[in-house]
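Please read the following walk-through with the sequence and the 3D view open side by side. It moves from one part to the next, and each stop can be looked up in the display.

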Amino acid sequence: MKIILNCKELRKKLAQIKGISGSAKVIASFPFSSHFLLEIKGNSGSIFATDQETAIKLFLSVEETEGDAKLCINTGVLYDIVNELDTETITIEAKDSEHVVVKAGKSKFKMNCSDPDVYPQWNDPLYEGNVYTVVLPAKRLLEMIEKTLFAAGESDTRFTLNSLLFHIEPDWFRLVATDGSRLAMITDYEAETPALKDPLKVIVPKRASLGLRKLLKDEPGSVQITITEKLVWFLLEGGVSFLTRTIEGNYPPYEDIIPKYENMASISKEEFRKALRLASIVASENGSVVKLEGQSKSLTVKAESPTGNFNDDIQEIYGEMPESTGFNYRYLLEAIERMEGETIYYRFDPEEKLSPVVLTGDDTDFLYVVMPVRL
Amino acid sequence: MLQKVITEKRIILLVDMDAFFASVEQQVNPALRGKPVAVTGGGTRTVVTTSSYEARKFGVKTGMNTYEALQACPHLIIVKGDHARYTHTCAELKKIYQQFTPLVEIYSVDEAFLDVTTTEHLFGGAVEIGKRIKTEIKRQFGISASVGIGPNKLIAKLAADISKPDGLRWIKEEEVPEVLEDLPVEALWGIGKRIARRLEALGIKTCGELGRAPVGVLRSHFGIMGEHLKMMGEGIHNGEVTGDEGDGEVKSVGHSMTFPVDLWKRPEISRELLRLSEMVGARTRRYELRGRVVSLTVRYRSFETFTRRRRLECSTNDTRRIYRAALSILDGIRLREPVRLLGVTLSELENIRGQRPLFHEEQRREDLLRSMDDLNQRFGTLTVTWGACINPLRHPGVISPAWRPSGIRKSL
């Protein structure tokens with residue numbers, strides 16, 4: 001068997017699946033994840049990689065081929081080889097499934113392979129109980145992930161928080177992320193959603209969402225999200241398939257904690273962002289705490305630490321801010337930087353100092369709730 | 001790290017108070033001076049914790065119950081210990097030590113290590129420092145102390161033990177082999193009866209023999225501790241004087257308790273663990289800290305002591321989480337003997353600065369803990385506590401080995 005592949009394309013596709021075989025920890029728990037399956041049938045090829053939690057399937061165009069093949073190759077090694085090469089094409093030859101010879105120009109690598117028949121199989125997850133689909137532009141899904149995923153938990157015993165919640169209603173599609181102290185939520189009203197009797201909620205692991213984000217970046221078309229009981233399947237228009245297990249368990253009742261406030265102030269986003277960034281230099285030495293002090297028509301951003309202190313006045317505010325509220329500066333900055341427009345709308349409860357604050361930008365579909373710090 | 005310590009010649013002082021509790025009592029009550037006095041813990045367990053040198057002459061020993069002690073010395077005066085008095089004295093003693101070096105490690109309520117390597121020349125040498133500390137303690141508190149000086153903590157401790165009471169001894173580095181040669185291994189700090197027995201089975205009775213023993217033999221019998229034992233036999237010890245806990249960052253928060261009667265039943269042990277977890281949790285919350293590693297220390301009736309650790313998924317200061325971790329460590333241990341002491345420690349601490357949780361369930365949990373802490377702060381520790389902690393054993397209030405004047409032990 002002999003195939004000739006386009007070097008540039010192979011490099012790109014290996015980079016896409018490389019995330020799956022990422023960490024040594026994953027490989028230790030599931031050795032297959034260090035390898036991928038290369039299958040050639042007639043004139044079309046495919047790449048399949050899995051780490052048990054997620055799986056990716058990509059199509060690969062074949063320049064020339066002699067005979068069908070099924071090979072199980074080490075992802076990292078082949079990626080490193082392809083990355084170093086500057087030739088147009090590479091040739092992969094195999095006499096059996098135990099070795100391959102990779103040739104490019106005058107260079108020649110002989111690599112050991114694993115048994116392709118014991119590698120897990122890709123099964124399209126259709127027809128397993130109830131199946132629902134959502135369709136939206138890939139760029140939009142990417143935006144939704146970018147605006148929420150940062151707020152997901154790092155590592156928590158409640159690993160339902162180390163994730164993204166996909167919440168689907170007949171009229172809209174929403175992503176939610178929270179780490180227990182702040183929450184980011186974005187709702188899309190344009191997506192094609194299924195006719196549902198009850199709301200549909202599935203929890204997608206953070207790691208899978210990161211992998212998906214990478215694939216979406218290269219997709220100009222749409223993405224079809226197919227949700228079954230235990231799996232979510234993302235089918236990109238360009239032919240990439242991404243499959244992930246969902247997290248079983250209950251997501252915390254996030255809708256209950258989103259407040260509706262009358263009181264609101266609007267702040268210049270740029271001024272606010274600048275002041276927070278400067279404050280962070282001092283605050284990072286002292287538990288990351290910044291203080292927002294509202295006066296009539298101005299806002300003072302303060303930070304203190306054993307080595308010094310900082311304060312800055314923002315004049316461009318409308319409405320009234322609470323007298324004094326403390327925040328983890330990262331919790332404010334990370335959200336503000338992701339908001340559209342020139343203004344940040346700050347909604348709060350004037351009666352209760354330690355109640356959540358709601359931030360929005362001009363993109364009203366994106367909402368951020370953050371808890372203050374006890375000063 | 002080890003290299004650095006070995007190559008640098010150090011001078012370590014150990015100040016060890018003579019019959020500390022008894023001396024303090026004698027100082028407070030002049031009627032007790034010059035008489036055989038035994039201090040007992042409070043509560044139902046009336047065991048001698050310290051006895052004055054006058055009482056020791058009659059054979060009164062730490063660990064005897066009052067009956068045995070009175071058998072040995074019928075005119076013995078038994079005093080119930082006042083721990084607040086001792087801990088206060090200890091904190092005051094620390095101030096004396098700090099006049100001579102910033103590197104002061106309060107090892108226990110009556111022992112402190114001082115690293116004077118870089119400061120001894122300022123005071124006319126280590127012996128001079130030792131003398132001045134002894135004089136100052138005598139002047140301020142009227143009690144005597146023994147000072148041991150050596151090239152490391154092990155030898156300093158040995159020097160103090162040899163010179164007791166009211167002594168001062170400097171074992172210089174070059175003298176170490178000679179001093180250790182015929183010394184029974186049990187005289188070394190850290191070698192208990194149990195290890196001594198096992199060493200004797202290998203034909204090792206003296207430190208000299210221990211130092212010469214092939215490391216392979218020791219390792220096969222004692223595991224990684226084997227190398228450590230050999231080094232001890234050679235008088236080598238690399239432990240650093242950890243310095244003042246009051247400065248810098250707090251590294252761990254812990255509590256331990258010796259019980260009035262040894263515990264054997266699981267419900268009793270878990271109840272005490274909950275109490276300890278609550279004490280640790282309350283203190284961590286007060287300092288606005290959270291920790292990721294929970295350690296459980298168990299001391300058997302035979303005084304054999306060990307510690308097991310568990311790393312949490314995420315840091316906490318919630319009593320319940322600390323308790324669950326401690327309990328899960330306990331589940332992994334098959335207790336061989338009744339338990340005399342339990343300790344719970346939280347380490348790998350991080351500053352949290354009061355970030356409020358978003359979800360109601362956690363908010364209620366936080367509010368509950370906060371209210372309990374406030375009440376307990378105002379009306380005394382464990383005024384409000386968990387139902388499972390009710391009806392505890394009466395605590396005699398023994399000062400734990402981990403007690404520190406600053407409240408928190410810095411080292412792990």
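In this predicted model, helix H5 of chain B, which covers residues 83-97, lies across strands E1, E5 and E6 of chain B, and the direction in which the helix runs makes about 150 degrees with E5(B). Helix H6 of chain B, residues 126-141, also packs on the sheet, where H6(B) touches E1, E6, E7 (145-150) and E8 of chain B, and its direction makes about 20 degrees with that of E1(B).

The sheet that carries these contacts is an open one of five strands in chain B, and its pairing is mixed, with the strands following one another in the order E5-E6-E1-E7-E8. At its borders stand E5 (104-108) and E8 (168-170) of chain B, edge strands that each pair on one side only. If direction is ignored, neighbouring strands of this sheet are turned against each other by 15 degrees on average. Strands of a sheet pair through backbone hydrogen bonds, and this pairing can be either parallel or antiparallel. In the case of E1 (residues 12-17) and E6 (residues 111-115) of chain B, the two strands run antiparallel and are joined by five bridges; within this pairing, Asp16(B) has Glu111(B) in E6(B) as its bridge partner.

Further along chain B, the backbone has a cis peptide bond between Lys164(B) and Pro165(B), with an omega of about -10 degrees. To find Pro165(B) in the display, look in the loop that connects helix H7 (153-163) with E8 of chain B, the strand that was met above as one edge of the five-stranded sheet.

Chain A has a sheet that can be followed in a similar way. This open sheet of four strands, ordered E20-E19-E18-E22 in chain A, has antiparallel pairing, and its edge strands, each of which pairs on one side only, are E20 (308-314) and E22 (325-328) of chain A. Neighbouring strands are here turned by 25 degrees against each other on average, again with direction ignored. Seven bridges hold the antiparallel pair formed by E19 (residues 298-305) of chain A and E20(A), and in that pair Val301(A) has Asp312(A) of E20(A) as its bridge partner. Helix H6 of chain A, residues 269-283, packs on this sheet and touches E18 (289-295), E19 and E20 of chain A, its direction making about 175 degrees with that of E20(A). Helix H7 of chain A, residues 329-336, lies across E18 and E22 of chain A and runs at about 75 degrees to E22(A).

Elsewhere in chain A, the loop between strand E3 (44-50) and strand E4 (54-66) contains Gln52(A), a residue other than glycine whose phi nevertheless has a positive value, near 80 degrees.

Where the two chains meet, 26 residues of chain A are in contact with 16 residues of chain B. Together the chains bury about 1800 Å² between them, and 54% of this lies on carbon and sulfur atoms. Four residue pairs are found in polar contact across the interface, and the side of chain A that touches chain B is made up, by class, of 13 nonpolar, eight polar and five charged residues.

Which side chains meet in a salt bridge between N and O at 2.8 Å? They are those of Glu366(B) and Arg374(A), and this is the one salt bridge that is found across the interface of chain A and chain B. Over all chains the structure holds 44 salt bridges, among them one between Lys103(A) and Glu93(A), whose closest N and O atoms are 3.1 Å apart. Because Lys103(A) lies in strand E7 (residues 99-104) and Glu93(A) in strand E6 (residues 89-93) of chain A, this pair ties together parts that are ten residues apart in sequence.

Methods. Residues numbered from 1 in each chain as written. Chains lettered and ligands numbered in written order. Predicted model: local features only at pLDDT ≥ 70, side-chain atom pairs only at ≥ 80, totals over all residues. Heavy atoms only, no water. Pairing = 2+ DSSP bridges. Axes fitted to C-alpha atoms, helices over the stretch in contact; angles between N-to-C directions. Contact = heavy atoms within 4.5 Å. Buried area = accessible area lost by both parts, 1.4 Å probe. Salt bridge = Lys/Arg side-chain N within 4 Å of Asp/Glu carboxyl O. Polar contact = N/O pair within 3.5 Å; in protein donor to acceptor, adjacent residues only side chain to side chain. Nonpolar A, V, L, I, M, F, W, Y, C, P; charged D, E, K, R; others polar.
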